[in-house]
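Here are my notes for you on this one. Have the viewer open while you read, and click on each residue as it comes up.

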Amino acid sequence: MLKITSVICILLLSVHSVCTQPAFAYGYADTPRNARVPLEQKTVHHLQAVLAAYQEIYSHFVGKESADIAGAARKLADAAKACVDQEPEASVGRVMQHAIQGAEELMDAEDSHETQSAFASISNALFSFFKLWPNQLKTLEIKLYWCKKDGYYWLQPQKQSPVCPYGTSAGCSSIEES
């Protein structure tokens, strides 16, 4: 009896630790959707600040305005740093570190190719966040797009028609919430 009880306790502890691990909680492999770890409110708040700066950068790209892209990139880096400093979830911290790196590259960009590459780096970092929490696309009323021509991702508000920041919208498609 003691052996069975010990096995059950070990099994329950194993299930608990597996359920709280990112690979299970974030929907990889055969994980049920409802098993994902919910985001804390402070994480959502930081994400909204990062996305506001991202949308400002995106607006500069689609408006073909190079003025103050560096300032918007600084806002994004600052918001992502605040998230890293206060975020207990390691996967969110890694995503924000990549966003910071992209924002710093954008601030240092010297030509349009470097600027576009840095923006793509930020977009890819945020894409990896939404791979972990795809339900946040709908919650935050944004859509994820992919440029088939250049192979880059970008985010924009749901209610806007797609405008590719990388050149043409002809070869771009929406990525639906999974």
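1. Let's start with a single side chain: is E56 buried, partly exposed or exposed? E56 has a relative accessible area of 25%, so this residue counts as partly exposed. The cut-off for buried is under 20%, and E56 at 25% is not under that cut-off, so "buried" would be the wrong word here. Keep in mind as you go that this is a predicted model.

2. Now the overall layout. The chain has 7 helices and 3 strands. Walk along from the N terminus and you meet the elements in the order α-α-α-α-α-α-α-β-β-β. Of the 178 residues in the chain, 37% are buried.

3. Back to E56, which has a partner. Its side chain meets that of K75 in a salt bridge, with 3.1 Å from N to O. Side chains of opposite charge can pair when their charged atoms come close. What makes this pair worth a click is where the two residues sit: E56 is in helix α3 and K75 in helix α4, 19 residues apart, so the salt bridge links distant parts of the chain. K75 is partly exposed as well, with a relative accessible area of 45%.

4. While you have α3 (41-62) on screen, try a quick check on its length. With 22 residues at 1.5 Å a residue, α3 should span 32 Å, and its end C-alpha atoms are 31 Å apart, which agrees. Just after α3 comes K64, which takes a positive phi of about 55°. Most residues other than glycine have a negative phi, so that is one to look up on your Ramachandran plot.

5. Helix α4 has a salt bridge of its own, between R74 and D78. Their closest N and O atoms are 3.2 Å apart. How many residues apart are R74 and D78 in helix α4? They are 4 residues apart, about one turn of the helix. An α-helix has 3.6 residues a turn, so residues three or four places apart point the same way. Both partners are partly exposed: R74 has a relative accessible area of 34%, and D78 has 41%.

6. Next, the largest pocket. Its volume is about 270 Å³. There are 14 residues in its lining, and F61, E65, S66, I69 and T115 lie nearest the centre. The elements giving two or more residues to that lining are α3 (41-62), α4 (69-86) and α6 (112-132). Which element gives the largest share of the lining? That is α6, with 3 residues. Sorted by class, the lining has 7 nonpolar, 5 polar and 2 charged residues.

7. On to the strands. β1 and β2 pair in the antiparallel sense over 6 bridges. If you want a landmark on that pairing, find Y145, which stands opposite W154 in β2. The two strands form a hairpin with 4 residues between them. In the turn, G151 has a positive phi of about 75°.

8. Last, have a look at E141, in the loop between α7 and β1. E141 has a positive phi of about 55° although it is not a glycine. E141 also forms a salt bridge with K159, the closest N and O atoms being 4.0 Å apart. K159 lies in the loop between β2 (152-157) and β3 (172-175), so the pair ties together parts that are 18 residues apart in sequence. The two partners fall into separate classes: E141 is partly exposed at 46% relative accessibility, while K159 is exposed with a relative accessible area of 76%.

9. One thing to tally before you close the viewer: how many salt bridges does the structure hold? The structure holds 4, including the E56 and K75 pair, the R74 and D78 pair and the E141 and K159 pair.

Terms used
Residues numbered from 1 in each chain as written. Predicted model: local features only at pLDDT ≥ 70, side-chain atom pairs only at ≥ 80, totals over all residues. Heavy atoms only, no water. 1 Å grid on protein atoms, 1.4 Å probe; cavity = no way out; pocket = protein on both sides within 12 Å on 5 of 7 lines; lining within 4 Å. Points joined across faces, edges and corners; volume = space filled by probe spheres on them. Nonpolar A, V, L, I, M, F, W, Y, C, P; charged D, E, K, R; others polar. Expected span 1.5 Å × (residues − 1). Buried < 20%, exposed > 50% of the residue type's maximum accessible area, 1.4 Å probe, protein only. Pairing = 2+ DSSP bridges.
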